Amino acid sequence: MKDGDELTFSRIIRSELWTEITLYIYSLMFSIYLYVFAEIVHGGVYVDQNKFLCHADTIHWQDILKNSRPDHLVVPSNSSSSCQKCHKACNGRCWGPKEDQCQSLTKTVCAEQCDGRCFGPYVSDCCHPECAGGCSGPKSTDCFACTNFNDSGACVTQCPRPFVYNPTTFQLEHNPWAKYTYGAFCVKKCPHNFVVDHSSCVRACPSNKMEVEENRIKMCIPCTDICPKACDGIGTASLQSAQTVDSSNIDRFINCTKINGNLVFLITGIKGDVYHNIEPLDPEKLNVFRTVREITGFLNVQSWPENMTDLSVFSNLATIGGRALYSGISLLVLKQQWISSLQLQSLREISAGNVYVTNNSQLCYYNTVNWTQLFRTNTQKVLIRNNRDPKECSPRLMFVLLHLNSREGSCREGDFEPVILVTLECICVAPSSLLFWVGQCTSPSLAGGWDPRPASSRPKLLTRPYVLEKREAGLERDVREFANGSVCLECDAQCDMVEDGGLTCTGPVSFGLFSCSPWKSLFVTVI
């Protein structure tokens, strides 16, 4: 703000602090004008040491405070001595010197029969008891604001409940006009990224309840046993004062499946904060987030360990709720020169808020994600720019050598690592963990293929069905078979028979082989 600006408020100020100061103006070094609000519902006022503040003493604060107490009102008595006087139309009560800056009194001028505020001095000028900040008439629909809840323009004590008592049948019956409380409003349904708890829209379920989804409506239900572990996020509840994940709070996220709130990664958390005596974060400890399935708020990555080239610690994250947003954003990855892929392969929904992935010089595969398919509303947007050019993330040639007869495989070339599944399968996993190739035994040519699907949606190639193995009488060779439903089928001829009761195959083709003949050298293009 600059000298002479108007400090404008809404008509009423609400506060969760019932006994503390709600409006606090201290030690301003320039001139401002407080401008027009009519009620402070809870709390008091403290205005002091503001050398250039005008008209703090020309405001009738007792008219503004709903429940005034002497110790909740600290205002200087001569702050306007060097300021312009109130306009003559204001009768000495004003927010500033202009005619349109007069204070409108709605409490101290009322008839004593009025229970609250009024729009004139007569008994007939009383506002409805549910009005806050004044009114234009006597009805509940004439209020400038509501003390409790706004139900389609009418101020009410509570929103229509889901069940009403029938005095004739002595039973609770469903209320067809029921509404949920959402902030200070009554709504027919909660926003899709909030949770229904009884008749209210809440950001998170209480500790004795778990969140479930029925008919695309998220709701809180009591836990039948131990609840899935929900943990406070950064800036929420027990971590209210925290600004980032760091070495002092990382252990709070152990075994968490859900984060009620946000996860924020700043440089003061990753590299430490000398000013607050916080040590650098051990990158290995970030693995605690592998259990996280949902973040109800936003994920903000503005710093990341240099030796970690992806966000795979969030590989099981399925939902970003966006119940709280960071400047309208629910997923932010900004200026991370070490990250080469996101690896958020389990992400299925971004319920609210925008995606902002920018200025990550090594980041690839961002262009292969259908971001809009993750969104719940058509107002959500994607801003992705200044990352690595997709053309530079080009295919590479990888040499794969499989010695399948010894049940071992090896993958060679660069940063691709061998992964052995079951027995013969050598799966070479790219850094993105999205692409893989499975070697087959029966063909000297490329018999496998790349599957671009996330790991969670790939079919399992070996399911180990019940195998029948027997020796056919009168035959010159052992016949090894597998069960296909109620039918016995022979294993592939390329299979080497496994002795000592071992399984020879689980299917008729190479995907079912357990031991095969000789070395095969294959060239595979990594895409």
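Q: In which loop is Gln-337 found?
A: This is a predicted model, in which local features need pLDDT of at least 70 and side-chain atom pairs count only at pLDDT 80 or more, while totals for chains, interfaces and linings use all residues. Residues are numbered from 1 along each chain as its sequence is written, and side-chain values use heavy atoms, with hydrogens and water left out. Strands (E, at least two residues) and helices (H or I, at least four residues) are DSSP runs, numbered from the N terminus. On that numbering, Gln-337 sits in the loop between β26 (329-334) and β27.

Q: What is the relative accessible area of Gln-337?
A: Buried means under 20% relative accessible area, exposed over 50%, and partly exposed in between (1.4 Å probe, protein chains only). Gln-337 counts as partly exposed because its value is 48%.

Q: Leaving aside neighbours within four places in sequence, with which residues is Gln-337 in contact?
A: Contact means heavy atoms within 4.5 Å. With neighbours within four places in sequence set aside, the partners of Gln-337 are Ser-361 and Gln-362.

Q: In what order do the five strands that include β26 form an open sheet?
A: Two strands pair if DSSP finds at least two bridges between them. β26 pairs with β28 (residues 354-358) in the parallel sense over five bridges, and Ile-329 has Asn-354 in β28 as its bridge partner. The pairing in this open sheet is parallel, and its order is β22-β24-β26-β28-β29.

Q: Why is one side of β22 and of β29 left without a neighbour in the sheet?
A: β22 (263-265) and β29 (382-385) stand at the edges of the sheet. One side of each is free because each has a single partner strand.

Q: Which strands are the edge strands of the open sheet β20-β21-β23-β25-β27?
A: The five strands of this sheet are paired in parallel. β25 (residues 319-320) pairs with β27 over two bridges, and Thr-319 stands opposite Glu-349 in β27. Edge strands pair on one side only, and here they are β20 (230-232) and β27 (349-350).

Q: Which residues form a nonpolar patch on the surface with Phe-170?
A: Phe-170 lies in the loop between β12 (163-166) and β13 (171-174), and counts as exposed because its relative accessibility is 64%. Patch residues have over 30% relative accessible area (Shrake-Rupley method, 1.4 Å probe, only the protein chains shown as cover) and no salt bridge (a side-chain nitrogen of Lys or Arg within 4 Å of a carboxyl oxygen of Asp or Glu). Like charges are joined within 9 Å, and nonpolar side chains (Val, Leu, Ile, Met, Phe, Trp, Tyr) within 5 Å. The patch has about 520 Å² of accessible area together, and Phe-170 shares it with Phe-163, Tyr-165 and Leu-172.
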